[in-house]
Amino acid sequence: MRVLVTGASGFVGGRLAPALEEAGHEVRAMTRNPDRYSGAGTAVAGDVGDEASLRTALEGCDAAYYLVHSLDSADFQERDARAARSFGRAAADAGVRRIVYLGGLGDDSDDLSAHLRSRRQVEQLLAEGGVPVTVLRAGIVVGHGGVSWEMTRQLVAHLPAMITPRWVHTRTQPIAVADVVRYLVGVLEAPEAEGRVLEVGGPEVLEYLEMLTRVAEIQGRRLLIVPVPLLSPQLSSRWLSLVTSVDLQTGRSLIDSMTNEVVVRDDAIRRIVPFEPMSYDEAVLTALGERAEARRAARAEKATAGRAR
C-alpha cells in the first residue's frame, strides 16, 4: 500500500515511517524541506497550510497519516482547523481510501480544554471530504523527543522539590511511543478500524504525581512535591517555561489539558491489534535509553566534525 505520512520527521512520524516500511508499505514522507529529510520513505514536498502542495503529495496514495498540530501558536485552533479541512478535501480529490489520525483522549462529556476540543474538531474536519477516518486517541505518549515526556523528565531532572497545582492528581493513562506506532501500523489495513474512534493507552492508570515520582525513583532521585490549590494555568505555564525547554504557548496548552482525565474507556483496539503494551516503568527506561544514545551519537558527530576541521 502506498502511504503518505505527514509530520514524517516528528516525534511519532519519525518512528512510524520506518515501521510502515518494515510492514511492506511504500512510504511517502511529507515535509516542507524534502532536501533536508534523511528518514525512511521517499521525501515529498508538502505543507498543510498549502492545499495545492497537499494534492501533489497525496496523488496516487492509498492511505494517509495525519500527525500535525500547531500547539506552539496562539491561534492553534484556527490553524489546525484550516489545515484539517484542506487535508480532508485534498485526500478525497486524490482518491485516498483511509486517513489515520492521532488525536487525544478525554471524555466528551467533560469540560475539555481548548487543546482537546481542537483535536476533536480536527477529527470531524478531516472526515468532511468523505474519506473514512480512523482516529486513535492517546494521552501522554512516553518517548525521547515527545513534548509531554520531556516536560516530565526535565521537571524531575531540574527540581528536587516543586510546588504544583491540583492537576498533579488528575488521572492519565500513559503509553510508550513504540506502542502507539504499533497501533498506528496495525489499524491501517484492519477493516474493522475503518471510520472508527479507538482509544489507546498503556496498562496503568496513573496520576501525574505518580508519573513524576516514578521517574524520580527510576533515576535514583528524591523528589518532594507539594500541591497547592491556587496556581493558575498561566502561572503554571510560566513556571514550566523557566525550568524546562517547553515554550510558553505549548506549555499553556498542555497544562490546560491536565485538568481533564485522559484514560481509556473502550479497549476495542486490543482486539483489533492484539499485543501487550509496555508498562510505564519500561516505557520510561526505554525513553531514557534513547536519550542517552542520542546524546552519545551527537557527541561522536561533534568529535568527528572537530577532527575534520
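**Cavities and sheet in a predicted model**

Guide: A search of the whole structure finds three cavities of 30 Å³ or more. This is a predicted model, in which local features need pLDDT of at least 70 and side-chain atom pairs count only at pLDDT 80 or more, while totals for chains, interfaces and linings use all residues. Residues are numbered from 1 along each chain as its sequence is written, and side-chain values use heavy atoms, with hydrogens and water left out.

Visitor: How is a cavity to be read, and which residues line the largest cavity?

Guide: Rolling a probe the size of a water molecule over the atoms shows where empty space is left. A cavity is a set of points, on a 1 Å grid over the protein atoms alone, where a 1.4 Å probe fits but cannot get out, and lining residues have an atom within 4 Å of a point. Grid points are joined across faces, edges and corners, and a volume is the space filled by probe spheres set on the points. Here the largest cavity has a volume of about 70 Å³, and its lining consists of Ile140, Met151, Thr152, Leu155, Trp167, Tyr208, Met211, Leu212 and Met258. At least two residues of that lining come from each of helix 5 (147–158) and helix 7 (208–218), where helices (H or I, at least four residues) and strands (E, at least two) are DSSP runs numbered from the N terminus.

Visitor: What is the chemical character of the lining of the largest cavity?

Guide: The lining of the largest cavity divides into eight nonpolar residues, one polar and no charged, with Ala, Val, Leu, Ile, Met, Phe, Trp, Tyr, Cys and Pro counted as nonpolar, Asp, Glu, Lys and Arg as charged, and the others, Gly among them, as polar. In helix 7, Tyr208, Met211, Leu212, Arg214, Val215 and Ala216 are buried, that is, under 20% relative accessible area with a 1.4 Å probe and protein chains only.

Visitor: Which residues line the second largest cavity?

Guide: The second largest cavity holds about 40 Å³ of space, and it is lined by Val142, Gly143, Ala176, Val177, Ala178, Met278, Ala283, Thr286, Ala287 and Glu290. Two or more of these residues come from each of helix 6 (177–187) and helix 11 (280–308), and helix 11 gives the most, with four residues. The lining of the second largest cavity divides into seven nonpolar, two polar and one charged.

Visitor: How should the sheet be read, and what is the order of its strands?

Guide: Two strands pair if DSSP finds at least two bridges between them. In this model an open sheet of seven strands runs in the order 3-2-1-4-5-6-11, with parallel pairing. Strand 3 (42–45) and strand 11 (197–199) stand at the edges with a single partner strand each, so one side of each is left without a neighbour in the sheet. From one strand to the next the twist averages 25°, where axes are lines fitted to C-alpha atoms, for helices over the stretch in contact, and angles run from 0 to 180 degrees between N-to-C directions.

Visitor: Which helices pack on the sheet?

Guide: Helix 3 (residues 76–93) touches strand 1, strand 4 (63–66) and strand 5 (98–104), contact meaning heavy atoms within 4.5 Å, and its direction makes about 175° with that of strand 4. Helix 4 (residues 114–127) also packs on the sheet, touching strand 4, strand 5, strand 6 (133–138) and strand 11, and its direction makes about 170° with that of strand 5.

Note on methods. 1 Å grid on protein atoms, 1.4 Å probe; cavity = no way out; pocket = protein on both sides within 12 Å on 5 of 7 lines; lining within 4 Å. Buried < 20%, exposed > 50% of the residue type's maximum accessible area, 1.4 Å probe, protein only.
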